[in-house]
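User: I'm new to reading protein models and would like a close look at one part of this one. Could you pick a single helix and walk me through what surrounds it?

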Amino acid sequence: MVTVNEDYLKQNLARNMRFLRMSNSPRISQTMLANKLGTTQASISLYETAMLLPPAHILVAMAECFGFTTDELLSDSLPEKKGMKKNE
């Protein structure tokens, strides 16, 4: 049986979301991201504070929005893409 540490995934996603939101020019607010993903600012806050993992359809939309795969968003470091530096 494969075990997955949910807290680890929450922390990775939270860090990656904040990094991606803040590294865009101009920066994307939680409210702007929520509107793009069809969710609420409160939900984005929960994801970014590692309190909750988003449902699959929000995670997929988020990956498409940022140009990464869902696996990359949940990983401990994002690969370099679109001229961005690693967020280690």
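Analyst: Let's start from one residue and work outwards. Asn12 is found in helix α1, and keep in mind that this is a predicted model. Is Asn12 buried or exposed? Its relative accessibility is just 2%, and buried means under 20%, so Asn12 counts as buried. Leaving out residues up to four places away in sequence, Asn12 touches Leu73, Leu74, Ser75 and Asp76.

Now zoom out to the whole helix. Helix α1 covers residues 6-23. You can do a quick sanity check on its length: at 1.5 Å a residue, the 18 residues of α1 should span 26 Å, and the end C-alpha atoms are indeed 26 Å apart, so the two agree. At the N-terminal end of α1, Asn5 acts as a cap, with a side-chain oxygen 3.0 Å from the backbone nitrogen of Asp7.

Asn12 has company in being buried. The buried residues of α1 are Leu9, Lys10, Asn12, Leu13, Ala14, Asn16, Met17, Leu20 and Arg21. Here's a handy rule for reading a list like that: an α-helix has 3.6 residues a turn, so residues three or four places apart point the same way. What covers the buried residues of α1? The cover includes α2 (30-37), α3, α4 (56-66) and α5 (70-74).

Let's pick one of those neighbours, α3, which runs over residues 41-48. Helices α1 and α3 pack at an angle of about 120°, with their axes 7 Å apart. That angle makes α1 oblique to α3, because 65 to 115 degrees would be roughly perpendicular and over 145 roughly antiparallel. Which residues make the contact? From α1 come Lys10, Ala14, Met17, Arg18 and Arg21, while α3 brings in Ile44, Tyr47 and Glu48. Sorted by class, this contact of α1 with α3 has four nonpolar, four charged and no polar residues.

Last stop: the loops. Pro26 lies in the loop between α1 and α2, and a cis peptide bond joins Ser25 to Pro26, with omega about 0°. Further along, the loop between α3 and α4 holds Ala50. Ala50 isn't a glycine, yet it has a positive phi of about 60°. For background, most residues other than glycine have a negative phi, and most peptide bonds are trans. Ala50 has a relative accessible area of 22%, so it counts as partly exposed.

Notes: Residues numbered from 1 in each chain as written. Predicted model: local features only at pLDDT ≥ 70, side-chain atom pairs only at ≥ 80, totals over all residues. Heavy atoms only, no water. Axes fitted to C-alpha atoms, helices over the stretch in contact; angles between N-to-C directions. Helix = DSSP H or I, 4+ residues; strand = E, 2+ residues; numbered from the N terminus. Parallel < 35°, antiparallel > 145°, perpendicular 65-115°, else oblique. Contact = heavy atoms within 4.5 Å. Nonpolar A, V, L, I, M, F, W, Y, C, P; charged D, E, K, R; others polar. Expected span 1.5 Å × (residues − 1). Buried < 20%, exposed > 50% of the residue type's maximum accessible area, 1.4 Å probe, protein only. Polar contact = N/O pair within 3.5 Å; in protein donor to acceptor, adjacent residues only side chain to side chain.
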